[in-house]
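Student: I would like a close look at a single part of this chain, namely the strands in its C-terminal stretch and the way they pair. Could you take me through them in one connected account?

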Amino acid sequence: MKTKRLIVFFVVFGVVALGIAAYFRFRPSEPVVIIPQEFAHVPEQPKLIAEFTANYHLTDAIDPMTPEGFRSDTKNRVIYSVAFSPVDASTIASINRNGFINLWDRDSTEAPVRVLSHPEIFPSIGFSPNGKLLASARWKVILWDVATGTKINTIETSFNQFAFSPDSKQLATIPVVAKYFRETGVKIWNIQDPKRITEVTTLPFNQSACAVDISSDGKWIAVGYINGTVNVWDYIQSNWLRP
């Protein structure tokens with residue numbers, strides 16, 4: 001009798017277990033909600049708003065300054081440096097391999113506002129932070145008056161690297177090592193009056209400098225040298241920097 005009860009128990013247990021297993025195996029699955037995949041929007045392509053081409057004659061410019069030996073063939077029009085005015089983004093400067101500087105008005109593409117001439121090949125250009133001066137540089141730095149397009153002064157250098165201080169009152173340049181063998185660091189000039197530039201000091205180093213920049217807060221000056229060294233100087237607290 002006891003054996004029969006055990007058999008019935010196991011049979012009932014097996015039926016219940018199979019029923020439970022069949023329920024979970026064959027029960028209707030919940031509908032899968034498909035969430036549409038979202039992709040990042042493709043950004044719009046930059047829009048060309050102006051194009052300046054040096055295919056004009058110097059006499060087409062407003063109040064031009066005609067460089068000596070001007071030629072307008074394509075090779076000589078290769079642009080080597082461009083710069084925005086920091087105070088007026090509609091004013092753009094460019095310089096080609098032969099040193100011809102064009103001051104452009106962004107909204108007038110037919111001809112440059114002014115045409116200037118740096119007397120060396122492969123130069124670079126840059127505006128002073130106050131936007132009043134434009135510097136062109138190769139083996140010398142020439143300071144130009146942006147408003148009038150006139151040349152103000154010239155500083156002898158040995159490389160086309162220079163840096164304005166944030167207040168536009170000082171200029172850092174690399175000395176002419178070929179002339180002054182002891183001056184292998186970086187020179188600091190007082191350019192508050194660009195017509196009467198005075199030398200402030202030289203940051204010394206026993207290797208020739210080839211790069212220079214002044215921090216945007218005016219606290220530091222960094223100088224790079226041909227031996228791979230970079231020096232950072234305390235610029236704002238130096239006792240040789242006087243207003």
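Tutor: What follows goes through the strand pairings one after another, with a short look at the whole chain and at a pocket for context.

The model is a predicted one, and its chain has one helix and 15 strands. Of its 243 residues, 37% count as buried, and among the contacts between residues at least 6 apart in sequence, 38% join residues at least 24 apart. The accessible surface of the chain comes to about 15900 Å², with 57% of that area belonging to carbon and sulfur atoms.

Let us begin with the open sheet of four strands, whose order is β9-β10-β11-β12 and whose pairing is antiparallel. The edges of this sheet are held by β9 (162–164) and β12 (198–203), and because each of these has a single partner strand, one side of each is left without a neighbour in the sheet. Direction ignored, neighbouring strands of the sheet are turned by 20° against each other on average. Within the sheet, β10, which covers residues 170–173, runs antiparallel to β11, which covers residues 186–190, and four bridges join the two. One residue pair that can be located on the model is Q170 with its bridge partner N190 in β11.

Further along the chain, β13 (residues 209–214) pairs with β14 (residues 220–225) in the antiparallel sense, over five bridges, and here A211 stands opposite G224 of β14. These two strands form a hairpin with five residues between them, in which G218 takes a positive phi near 75°. Strand β14 is also joined, again by five bridges and in an antiparallel arrangement, to β15, which spans residues 230–234; in this pairing the partner of A222 is V232 of β15. The hairpin of β14 and β15 has four residues between its strands, and G228 in the turn has a positive phi of about 90°. Strand β14 thus pairs with β13 and with β15.

For context elsewhere in the chain, the largest pocket has a volume of about 160 Å³. Ten residues line this pocket, and F52, I79, V82, S94 and W104 are the ones that lie nearest its centre. Strands β1 (79–84) and β2 (91–96) each supply at least two residues of the lining, with the largest share, four residues, coming from β1.

Conventions: Residues are numbered from 1 along each chain as its sequence is written. This is a predicted model: local features need pLDDT of at least 70, side-chain atom pairs count only at pLDDT 80 or more; totals for chains, interfaces and linings use all residues. Side-chain values use heavy atoms; hydrogens and water are left out. Two strands pair if DSSP finds at least two bridges between them. Axes are lines fitted to C-alpha atoms, for helices over the stretch in contact, and angles run from 0 to 180 degrees between N-to-C directions. Buried means under 20% relative accessible area, exposed over 50%, partly exposed in between (1.4 Å probe, protein chains only). Contact means heavy atoms within 4.5 Å. Accessible areas come from the Shrake-Rupley method with a 1.4 Å probe; for residues, only the protein chains shown count as cover. On a 1 Å grid over the protein atoms alone, a cavity is a set of points where a 1.4 Å probe fits but cannot get out, and a pocket is an open set with protein on both sides within 12 Å along at least five of seven lines; lining residues have an atom within 4 Å of a point. Grid points are joined across faces, edges and corners, and a volume is the space filled by probe spheres set on the points.
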